[in-house]
Amino acid sequence: MPDGMNVDYDGLIPNNVDLNADARVKKALETWHPGYIDWWKDMGPEGFQEALVYLRTAVSVDPKGWAKFDYVRMPEYKWGILLAPRVEGRLIGFGAHKGEPAWQDIPGEYRGMLRRLMVIQGDTEPASVEQQRHLGKTAPSLYDMRNLFQVNVEEGRHLWAMVYLLQKYMGRDGREEAEELLRRRSGDADSPRMLGAFNEQTPDWVSFFMFTFFTDRDGKMQLEALAQSGFDPLSRTCRFMLTEEAHHMFVGETGVQRIIERSCEAMRAAGIDDPTDTDRVRALGVIDLPTLQRKMNLHFSLTLDLFGSEVSTNAANAYNAGLKGRYREDKLEDDHRLIDSTYPVLRCKDGAIIRDESVPALSALNMRLRDDYVTDCQGGVNRWNKVIERAGIPFRLTLPHVAFNRRIGEFAAIEADPEGRVLDAGAWAANRDRWLPTADDNLYVTGLMKPVDAAGAYASWIAAPKVGIDNKPGHFEYVKLWS
Ligand SMILES: [Fe+2]
Ligand SMILES: [Fe+2]
């Protein structure tokens, strides 16, 4: 096995970065560790700290077999520091330093920018654990509960990943940032998490699946862009995080898909051919498709705000410096410097949405990443619609226009409908409840959230998965609640 693939599990902090050879960083992480465990016990899954959960733990970074499954109490999970194997002779792939050897240490002039990138990424990881901490109590099955907890422990590990980089490469500043990452709290009035979507609530399981589909996917896009980094330790860290992130995408996409399957099946069995007849559909104890559409509109628009302003000097600087690339930069064919090129950007001019062809490509990198994100989302939505189509139900889910319900960037100052038509305040207020979840939708969905904790059983509103985790059979006890 190439160097660095096996993980050392002997010490307090599992790692494949030879922590034993680095007394300073080892000490810093061991000092941070108790605060992390306190944070996990306070802010992690509420009511399930003693349960035995069938979790995967990374035991290697070999893409062919890195995970081991076993029952674990979450506070005893092996949160490790795992970097993808080093690629010999790796070169910086873009920006002003294109073609130079990738940096193994932090270039002094980019310290501030790198610190900011790591802290913003790091802050999202514990935030989502905090947002999801009450959901265990209403899990629709043990299978889903286990998936929730798997996502949660891996977000915890992602925090470790960023904290390692901060501690190792940022010295005292890094130690302070690592403390701050444990101090901020999602939704807290005084010290909230850094980004808006990570201060919203995740009150029910439909929101959870939408969050993992839409918001974890923003995480995937950001990690893909950072995986291209010329700062090699960041690149290697993000590459391994992406292998875990794939499971989070899976949980979101299949979660929504199973809701759709169940709703369609119930509608067909009851002979309902108007999917917008909400009262009749809800009488079946399933989630009506228009409510799913409204939930989707909310989570999609909140997540788009995470990409920042369409036109951004920060993004241009990070690219030029070789710190944050484009989505799959290494697969793109152009000069990878973007000095003279432009990229089309949707802008708001005099209250109208126009396509501006004149924006320098370097300044439009947030927009470009967001476009790649929308394409990635659309693939999942198409697969959801196949399920509805196969059931013969006349309804299709659609992603709203990027100008819909935005708080950051070009469209923050206007209101637009899901088709992208600009509205005055009156028209928005009169129609808002058609497009975003209403109090009534939330009440109905919350009412459905009753825990189902018998092995192999599922709540009325969601279909069983086709295959078990780790190929386990349908009745497998994914969480042992009373052990
Ligand atoms: Fe993450
Ligand atoms: Fe994630």
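Okay, let's start at the metal. The four donor atoms around the iron ion (ligand 2) subtend angles of 88 to 173 degrees, so the arrangement is irregular. For a feel of what a regular one looks like, four tetrahedral donors would ideally sit at 109.5 degrees. Keep in mind, everybody, that this is a predicted model.

So which residues hold the iron ion (ligand 2)? The protein donors are E155 and E245, each through OE, D216 through OD, and H248 through ND1. They lie 2.0 to 2.2 Å from the iron. If you want to find them along the chain, look for the spacing E-x60-D-x28-E-x2-H.

Now for the helices. D216 sits in helix α5, residues 205–227, while E245 sits in helix α6, residues 232–269. That pair is 29 residues apart, and it links distant parts of the chain.

Are these two buried or exposed? D216 has a relative accessible area of 5%, and E245 has 4%. Buried means under 20% here, so D216 counts as buried, and E245 does so as well.

There's a second iron to talk about, too. The iron ion (ligand 1) is 3.5 Å from the iron ion (ligand 2), and E155 coordinates both.

Okay, on to salt bridges. The general idea is that side chains of opposite charge can pair when their charged atoms come close. How many salt bridges does this model have? The count comes to 41.

Let me show you a few. Take R193 and D123, whose side chains meet at 2.9 Å, N to O. R193 lies in the loop between α4 (171–183) and α5, and D123 lies in helix α2 (residues 111–131), so this salt bridge ties together parts that are 70 residues apart in sequence. Both R193 and D123 are buried.

Next up is D330 with K331. Their side chains form a salt bridge as well, at 3.9 Å from N to O. Here D330 is exposed, and K331 is exposed too.

My last pair is R347 and E410, with the closest N and O atoms 3.2 Å apart. R347 is in strand β3 (residues 345–349), and E410 is in the loop between α10 (365–390) and β5 (415–416). This pair links distant parts of the chain, 63 residues apart.

And one more thing before I sit down: some salt bridges share partners. D123, E130, R184, R185 and R193 are joined into one network that way, and you've already met R193 and D123 as a pair.

Key: Residues are numbered from 1 along each chain as its sequence is written. Chains are lettered from A and ligands numbered from 1 in the order in which they are written. This is a predicted model: local features need pLDDT of at least 70, side-chain atom pairs count only at pLDDT 80 or more; totals for chains, interfaces and linings use all residues. Side-chain values use heavy atoms; hydrogens and water are left out. Donors are N, O and S atoms within 2.8 Å of the metal (3.2 Å for Na, K and Ca); water is not among the atoms, so sites may look incomplete. Four donors count as tetrahedral if all angles lie between 85 and 135 degrees; four count as square planar and six as octahedral if opposite donors are over 155 degrees apart and all others between 65 and 115; anything else is irregular. Helices (H or I, at least four residues) and strands (E, at least two) are DSSP runs, numbered from the N terminus. Buried means under 20% relative accessible area, exposed over 50%, partly exposed in between (1.4 Å probe, protein chains only). A salt bridge is a side-chain nitrogen of Lys or Arg within 4 Å of a carboxyl oxygen of Asp or Glu.
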